[in-house]
Amino acid sequence: MRNGMYVPLGVALVVCAACGKQAEKSSSSSGQRGPAVSRTQLRQAPTSVTVQGLSLSLSASLYRDFMMQPPGSEGGSPLVASLRVSTADRRPIPGDVHVDRAWIMNGEEIWEPSDLVEKDRKDPSSVDAFEVTAHGGPKWVPGIDAEVVVELRDGGRERHLLRQPAVRI
């Protein structure tokens, strides 16, 4: 009888996990895709850009988690990207400036995350920056350098590409 209780509990946990993933997706960016961006445009994107009179730059972190892997597994989580856009002079970034799309490039391979989740901007200590995360990327080998490009969109719906080269995974 006791073992019979584990099956419904397991089903409930799977359903709750699926609901959590759906909630995370619904809190992501608008999902509206803009015009196609070529590989050349991505590689030539500037490392700083002026948006609404503010000089903005990108600071990216790319990582894979290798903790708590069962023996014999392929190892490591899919790539996670943490993307931080900040001002050069610490002035506040207007709330209508957002990361609309992102690309992570490893040689000829490009990952364009479908779900970008922006962290809450209500923290008054970080009005000069905002952060977006993406999960579920490829399982590229740690220790390589990738290029990261984001597409910013401002309140006037203008698009701006912004790049950070040589981001170590």
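## Overall make-up

Of the protein's 169 residues, 36% count as buried. The model is a predicted one. Its accessible surface comes to about 9,900 Å². Carbon and sulfur atoms hold 56% of that surface.

The protein has 2 helices and 9 strands. Read from the N terminus, the elements run α-α-β-β-β-β-β-β-β-β-β. Both helices therefore precede the strands in this order. Contacts across the chain follow. Among those with a separation of 6 or more, 68% join residues 24 or more positions apart.

## The open sheet

One sheet is open and has 4 strands. Their order is S5-S4-S8-S9, and the pairing is antiparallel. Strand S5 (109-111) and strand S9 (159-168) form the edges. Each of these two pairs on one side only. From one strand to the next, the twist averages 20°.

At the S5 edge, the partner is strand S4, residues 98-106. S4 and S5 are antiparallel and share 3 bridges. Within this pair, Ile104 stands opposite Trp111 of S5. Strands of a sheet pair through backbone hydrogen bonds, either parallel or antiparallel.

## Strand S7 and its partners

Strand S7 covers residues 129-134. It pairs with strand S3, residues 80-87, through 6 bridges. S3 and S7 run antiparallel. One opposed pair here is Ser82 and Thr133.

Strand S6 also pairs with S7. S6 spans residues 117-118, and 2 bridges link it to S7 in the antiparallel sense. Val117 stands opposite Thr133. Thr133 of S7 thus has Ser82 opposite it and Val117 opposite it as well.

## Burial of S7

How many residues of S7 are buried? The count is 6 of 6, so the strand is mostly covered, with buried meaning under 20% relative accessible area.

In a regular strand the side chains alternate between the two faces of the sheet. S7 can be read residue by residue in these terms. Ala129, Glu131 and Thr133 point one way. Phe130, Val132 and Ala134 point the other way. Residues on both sides are buried. Glu131 is among the buried residues, on the side shared with Ala129 and Thr133. Phe130 is buried too, on the side of Val132 and Ala134.

Thr133 brings these points together. Its side chain points the way of Ala129 and Glu131, it is buried, and it stands opposite Ser82 and Val117.

Methods. Residues numbered from 1 in each chain as written. Predicted model: local features only at pLDDT ≥ 70, side-chain atom pairs only at ≥ 80, totals over all residues. Heavy atoms only, no water. Buried < 20%, exposed > 50% of the residue type's maximum accessible area, 1.4 Å probe, protein only. Pairing = 2+ DSSP bridges. Contact = heavy atoms within 4.5 Å. Areas by Shrake-Rupley, 256 points an atom, 1.4 Å probe, with all protein chains shown as cover. Axes fitted to C-alpha atoms, helices over the stretch in contact; angles between N-to-C directions.
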